[in-house]
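Work through the exercises below with the structure in view, and try each task before reading its solution.

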Amino acid sequence: MLFLAVFCGFLAENKREHMIEDNRAKGLVASLLNDLQHDTAQLNMLIKRREEKRLILDSLTIVLQKPSETIDRNSFYRFVAQASSYFKFSQATGTISQLKNAGYLRYFSDNELIQNISNYEFWIQDYKSDEAIELEWINEKLKEFTAFNLDNSILWRIFFEEKLPGGNGVVFYKPDGFHNLKAIVNELRANNYFMLSVQAPRVKTIAGQLMDYLHKKYHLK
């Protein structure tokens, strides 16, 4: 009888632990869904901003096809100022960090889920890597170029006073400034196009697939 009582107690305790782990797993899944929804909303916002950036860079490219002495200063400085702006992707990392660092993955025997999470993390890091390259071009190429080649008092007035210069003609302080700016803008256009047409849609698709899997597997609404 004593053995039976101990054995039944063991079974009850084991069942209770499984119930606790199941509840924790469902809580983590719900939290992961919220994070993925946040990431998707972030990507939608960034896609919209990148569409706007594409138009800016295309317009600046058209402006730079004209002789420097005939360029409209308003358009030129406005497009250069707008081209130097950027928005970084801010991933919601709370749940994934818990899963990786706190050992909560042990609550899941679903290898397909773990593989899907790893796949999502891989493409997120790939996105961030390309984003970092793009930001390097903006911060170390375009902004450095404007600092040493253009009248920065005009850019200051555009950013902080919202005043645009009038007239035609743009003066570059260095003889190769016009050519170098064209090269920088071409690179920024290529970077923005790749992030807009490849990276952001791919991460959005993988996030959507992971969310669909979580809904179906764990019967969440």
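## Exercise 1: Aromatic rings

The structure, which is a predicted model, holds six aromatic pairs. Task: work out how the rings of F122 and W123 are arranged, and then how those of F172 and F178 are arranged.

Solution. Begin with F122 and W123, whose ring centres are 4.9 Å apart and whose planes make an angle of 85°. Planes over 60 degrees apart count as edge-to-face, and F122 and W123 are indeed an edge-to-face pair. As for its surroundings, W123 has a relative accessible area of 22% and is partly exposed.

Turn next to F172 and F178, where the centres lie 5.5 Å apart and the planes stand at 55°, so this pair is tilted. F172 and F178 are both buried, and they belong to one aromatic cluster together with F76, Y77 and F145.

## Exercise 2: Charges over rings

Task: find which ring the charged end of R78 sits over, and where K141 lies.

Solution. Starting from R78, its charged end is placed over the ring of F79, at 4.7 Å from the ring centre. Moving on to K141, this residue lies over the face of W137, with a distance of 5.5 Å to the centre of the ring.

## Exercise 3: Salt bridges

Task: a search of the whole structure finds six salt bridges; examine the pairs E134 with R50, D58 with R54 and D126 with R202, and explain which parts of the chain they connect.

Solution. In the first step, take E134 and R50, whose closest N and O atoms are 2.7 Å apart in their salt bridge. E134 lies in helix α4 (residues 111–149) and R50 in helix α1 (residues 2–63), so this pair ties together parts that are 84 residues apart in sequence. Both E134 and R50 are buried.

In the second step, consider D58 and R54, whose side chains meet in a salt bridge with an N to O distance of 3.6 Å. These two residues are four apart within helix α1, and about one helical turn separates them. D58 is partly exposed at a relative accessible area of 22%, and R54 is likewise counted as partly exposed at 30%.

In the third step, look at D126 and R202, which form a salt bridge at 3.6 Å, N to O. Because D126 belongs to helix α4 and R202 to helix α6 (residues 177–218), the pair ties together parts that are 76 residues apart in sequence. Both partners count as partly exposed, D126 with a relative accessibility of 25% and R202 with 27%.

Finally, ask which residues are linked with R54 and D58 in a network of salt bridges: the other members are E51 and R189.

## Exercise 4: From one helix to the whole chain

Task: describe helix α2, and then place it within the protein chain.

Solution. Begin at the N-terminal end of α2, which D72 caps with a side-chain oxygen that lies 3.4 Å from the backbone nitrogen of N74. Within helix α2 (residues 73–83), the buried residues are S75, F76, Y77, F79, V80, A81 and A83.

Then widen the view to the protein chain, which has six helices and zero strands. Of its 221 residues, 37% count as buried, and the accessible surface comes to about 13,100 Å², with 55% of it belonging to carbon and sulfur atoms. As a last step, consider the contacts between residues at least 6 apart in sequence, among which 86% join residues at least 24 apart.

How values were computed
Residues are numbered from 1 along each chain as its sequence is written. This is a predicted model: local features need pLDDT of at least 70, side-chain atom pairs count only at pLDDT 80 or more; totals for chains, interfaces and linings use all residues. Side-chain values use heavy atoms; hydrogens and water are left out. A salt bridge is a side-chain nitrogen of Lys or Arg within 4 Å of a carboxyl oxygen of Asp or Glu. Buried means under 20% relative accessible area, exposed over 50%, partly exposed in between (1.4 Å probe, protein chains only). Contact means heavy atoms within 4.5 Å. Accessible areas come from the Shrake-Rupley method with a 1.4 Å probe; for residues, only the protein chains shown count as cover. A polar contact is a pair of N or O atoms within 3.5 Å; within protein, one must be able to donate a hydrogen and the other to accept it, and residues adjacent in sequence count only if both atoms are side-chain atoms. Rings of Phe, Tyr and Trp (its six-membered ring) pair if their centres lie within 6.5 Å; planes under 30 degrees apart count as stacked, over 60 as edge-to-face and the rest as tilted. A charge sits over a ring if NZ of Lys or CZ of Arg is within 6 Å of the ring centre and within 35 degrees of the ring normal.
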